[in-house]
Amino acid sequence: MSNSAVEITLQGRTYSIACPQGQETALKAVANKLEKQLASLRARTNSLSREELAIMAALNIGYELFEEQKKNQDYIRQMDERITLLQSTLENALVERSRGSADKQHQTPESD
């Protein structure tokens, strides 16, 4: 898959970024989110340099990613627990069913 150059603008500066073909929309969406984060930080404090703003934005976005990954891992753990419970329930039902079939086979018909 080849790369194409995508131009994004952050804090008034334009950057040409190599991007895999087909991922341009995602890159632009991420750049837009970053620009909003930078603008929000800039509005709250004018004393930060570009570098400090970039670091703060990276930390904020990194924290958001960390929280989403944690939620995802919690969800996976919950699903694993549910699958284990479902498997156990199915296994117990199959054991009960085979016991019932075995009991029926061992019963003899009563004579009149």
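**Exercise 1. Which residues form a nonpolar patch on the surface, and what accessible area do they have together?**

Solution. Keep in mind that this is a predicted model.
- Step 1: The patch is made of Ile55, Met56 and Leu59, and together they have about 280 Å² of accessible area.
- Step 2: Pick one member and place it. Met56 is found in helix 2, which covers residues 50-106.
- Step 3: Classify that member. Met56 has 36% relative accessibility, so it counts as partly exposed. The reason is that partly exposed runs between the buried limit of under 20% and the exposed limit of over 50%.

**Exercise 2. Work out how strand 1 and strand 2 are arranged.**

Solution.
- Step 1: Take the ranges. Strand 1 spans residues 3-10 and strand 2 spans residues 13-20.
- Step 2: Look at the pairing. The two strands run antiparallel, with 8 bridges joining them. For one concrete pair, take Ala5, whose bridge partner in strand 2 is Ala18.
- Step 3: Check the connection. With 2 residues between them, strand 1 and strand 2 form a hairpin. In the turn, Gln11 has a positive phi of about 50°.

**Exercise 3. Find a salt bridge that links distant parts of the chain, and say how accessible its two residues are.**

Solution.
- Step 1: Start from the whole structure, where a search finds 4 salt bridges.
- Step 2: Go to Lys33 and Glu64, whose side chains meet in a salt bridge at 2.9 Å, N to O. This pair links distant parts of the chain: Lys33 sits in helix 1 (residues 24-44) and Glu64 in helix 2, 31 residues apart.
- Step 3: Read off the accessibility. Lys33 is at 41% relative accessibility, so it counts as partly exposed. Glu64, with a relative accessible area of 34%, is partly exposed too.

**Exercise 4. Describe the salt bridges Arg77–Glu81 and Glu96–Arg99, with spacing and exposure.**

Solution.
- Step 1: Get the distances. In the Arg77–Glu81 salt bridge the closest N and O atoms are 3.2 Å apart, and for Glu96 and Arg99 they are 3.0 Å apart.
- Step 2: Get the spacing. Arg77 and Glu81 both lie in helix 2, 4 residues apart, which is about one turn of the helix. Glu96 and Arg99 are 3 residues apart in helix 2, so about one helical turn separates them.
- Step 3: Classify the four residues. Arg77 is partly exposed at 41% relative accessibility, and Glu81 is partly exposed at 46%. Glu96 comes out partly exposed at 47%, as does Arg99 at 49%.
- Step 4: Add the chemistry. Side chains of opposite charge can pair when their charged atoms come close.

Notes
Residues are numbered from 1 along each chain as its sequence is written. This is a predicted model: local features need pLDDT of at least 70, side-chain atom pairs count only at pLDDT 80 or more; totals for chains, interfaces and linings use all residues. Side-chain values use heavy atoms; hydrogens and water are left out. Two strands pair if DSSP finds at least two bridges between them. Patches are made of residues with over 30% relative accessible area and no salt bridge: like charges are joined within 9 Å, nonpolar side chains (Val, Leu, Ile, Met, Phe, Trp, Tyr) within 5 Å. Accessible areas come from the Shrake-Rupley method with a 1.4 Å probe; for residues, only the protein chains shown count as cover. Buried means under 20% relative accessible area, exposed over 50%, partly exposed in between (1.4 Å probe, protein chains only).
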